[in-house]
Amino acid sequence: MKVIKPKSGEIFDIELEESLLRKNRELAEENKKIFNQYGIKAIDILGSIGSGKTTLICQLIKKLKKDYKIGVIAGDLTTEIDANLIKKNGAKVVQINTGKECHLDAKLVNEAIKNLPLKEINLLFIENVGNLICPAEFPVGAHYRIVIFSSTEGPYTVIKHPHIFKEADMVIINKIDLAKKMGVSLIKLKKDIKKIKPSIPIVEMVAKKGKGIEKVVKFLKNA
Ligand SMILES: Nc1nc2c(ncn2[C@@H]2O[C@H](COP(=O)(O)OP(=O)(O)O)[C@@H](O)[C@H]2O)c(=O)[nH]1
Ligand SMILES: [Mg+2]
């Protein structure tokens, strides 16, 4: 089948895009410096809308709030639903509404940091905007990236989004309670992930019930 792909030089604003990405990387390094200065471990959580990011963060807060002072930056296009949910679990939360932007960037996260009591936090979760494509190229300064997707997204999530999996430090396959109903093979999904990044830890999860959460807790404690 004929496949149309962009040729080099075809996209007129390629220089603009490169300088944007460069500037974002510089700002991400600045954010990381701030995190390090305050002794904060920062975790960027990426996944599609409905994959379970907020559920995961709420479960992690429950498990970790005894040992850590937790903050959350909640990214969303327009709503404050997630931030309000997370607040109920007792973490310090800042909401970023990106409007039309399909990812967080280092500048927005820098603004959010200014609104967090950094001295009172030593573990920060950043819930990125629900998307497996745009956030891949925009580091925000976090020390680790966790990618979460669910079995309900179908059998091709991994092979269709190789970039985001390449950038991940841990992958969570969520909603495994629905895998059979969806006709999705967990073995195949894990093979797809390992093909992209052989060394990556993979966790099978039912975030709603807290199943698999201990593995993430252990990862974060050792991180
Ligand atoms: N069946 C099932 N539902 C889940 C699971 N984890 C989360 N959900 C539900 O999926 C929906 C979306 O979850 P949410 O955490 O808001 O996703 P987000 O958009 O990535 O933040 C909610 O209704 C959750 O209760 C799971 O493991 N199994
Ligand atoms: Mg959410």
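# Exercises on a predicted model

Lys 175 is partly exposed, with a relative accessible area of 25%. The structure is a predicted model, and the exercises below start from this residue.

**Exercise 1.** Where does Lys 175 sit in the chain, and what is unusual about its backbone?

Solution. Step one is to place the residue: Lys 175 belongs to the loop that runs between β6 (170-174) and α7 (179-182). Step two is to read the backbone angle: phi at Lys 175 is positive, about 55 degrees, although the residue is not a glycine. Step three is to set this against the general rule. Most residues other than glycine have a negative phi. Step four is to classify the exposure: buried requires under 20% relative accessible area and exposed over 50%. Lys 175 has 25%, so it counts as partly exposed.

**Exercise 2.** Describe the surroundings of ligand 1, beginning with its shell and ending with its cover.

Solution. Begin with the shell: 16 residues surround ligand 1, and the closest are Gly 50, Lys 53, Thr 54, Thr 55 and Asp 177. Sorted by class, the shell has 4 nonpolar, 7 polar and 5 charged residues. Helix α2 (residues 53-64) gives the largest share, 3 residues.

Next, take the polar contacts with oxygen atoms of the ligand. Gly 50 uses a backbone N or O atom, at 2.7 Å from an oxygen atom of ligand 1. Thr 55 places a polar side-chain atom 2.5 Å from a ligand oxygen. For Lys 175, a polar side-chain atom lies 3.1 Å from an oxygen atom of ligand 1. Last comes the cover: on its own, ligand 1 has 580 Å² of accessible area, and the protein covers 74% of that.

**Exercise 3.** Is strand β6 enclosed or open to the outside, and which strands pair with it?

Solution. First count the buried residues: 5 of the 5 residues of β6 are buried, so the strand is largely enclosed by the rest of the structure. Then consider the faces. In a regular strand the side chains alternate between the two faces of the sheet. In β6, Met 170, Ile 172 and Asn 174 lie on one side and Val 171 and Ile 173 on the other, and all are buried. Finally, look at the partners. β5 and β6 run parallel and are joined by 5 bridges, with Ile 146 opposite Met 170. β7 also pairs with β6 in the parallel sense, over 3 bridges, and here Ile 173 stands opposite Glu 204.

**Exercise 4.** Trace the chain from β2 to β3 and give the hand of the crossover.

Solution. Identify the strands: β2 (residues 70-76) and β3 (residues 92-97) run parallel and are joined by 6 bridges. Asp 76 stands opposite Asn 97 in β3. Now follow the path: the chain leaves β2, passes through helix α3 (residues 81-88) and reaches β3, giving a right-handed β-α-β crossover.

**Exercise 5.** Arg 145 and Lys 208 both carry charged side chains. Is each buried or exposed?

Solution. Take Arg 145, in strand β5 (residues 144-150). Its relative accessible area is 8%, which means that Arg 145 is buried. A polar atom of the Arg 145 side chain lies 3.5 Å from the backbone oxygen of Phe 138.

Then take Lys 208, in the loop between β7 (202-204) and α9 (213-222). Lys 208 has 73% relative accessibility and therefore counts as exposed. Lys 208 is also 7.8 Å from Leu 56, C-alpha to C-alpha, with their positions 152 residues apart in sequence.

Terms used:
Residues are numbered from 1 along each chain as its sequence is written. Chains are lettered from A and ligands numbered from 1 in the order in which they are written. This is a predicted model: local features need pLDDT of at least 70, side-chain atom pairs count only at pLDDT 80 or more; totals for chains, interfaces and linings use all residues. Side-chain values use heavy atoms; hydrogens and water are left out. A residue is near a molecule or strand if one of its heavy atoms lies within 4 Å of it. A polar contact is a pair of N or O atoms within 3.5 Å; within protein, one must be able to donate a hydrogen and the other to accept it, and residues adjacent in sequence count only if both atoms are side-chain atoms. Accessible areas come from the Shrake-Rupley method with a 1.4 Å probe; for residues, only the protein chains shown count as cover. Helices (H or I, at least four residues) and strands (E, at least two) are DSSP runs, numbered from the N terminus. Two strands pair if DSSP finds at least two bridges between them. A crossover is right-handed if, with the strands pointing away from the viewer, the path from the first strand over the helix to the second runs clockwise. Buried means under 20% relative accessible area, exposed over 50%, partly exposed in between (1.4 Å probe, protein chains only).
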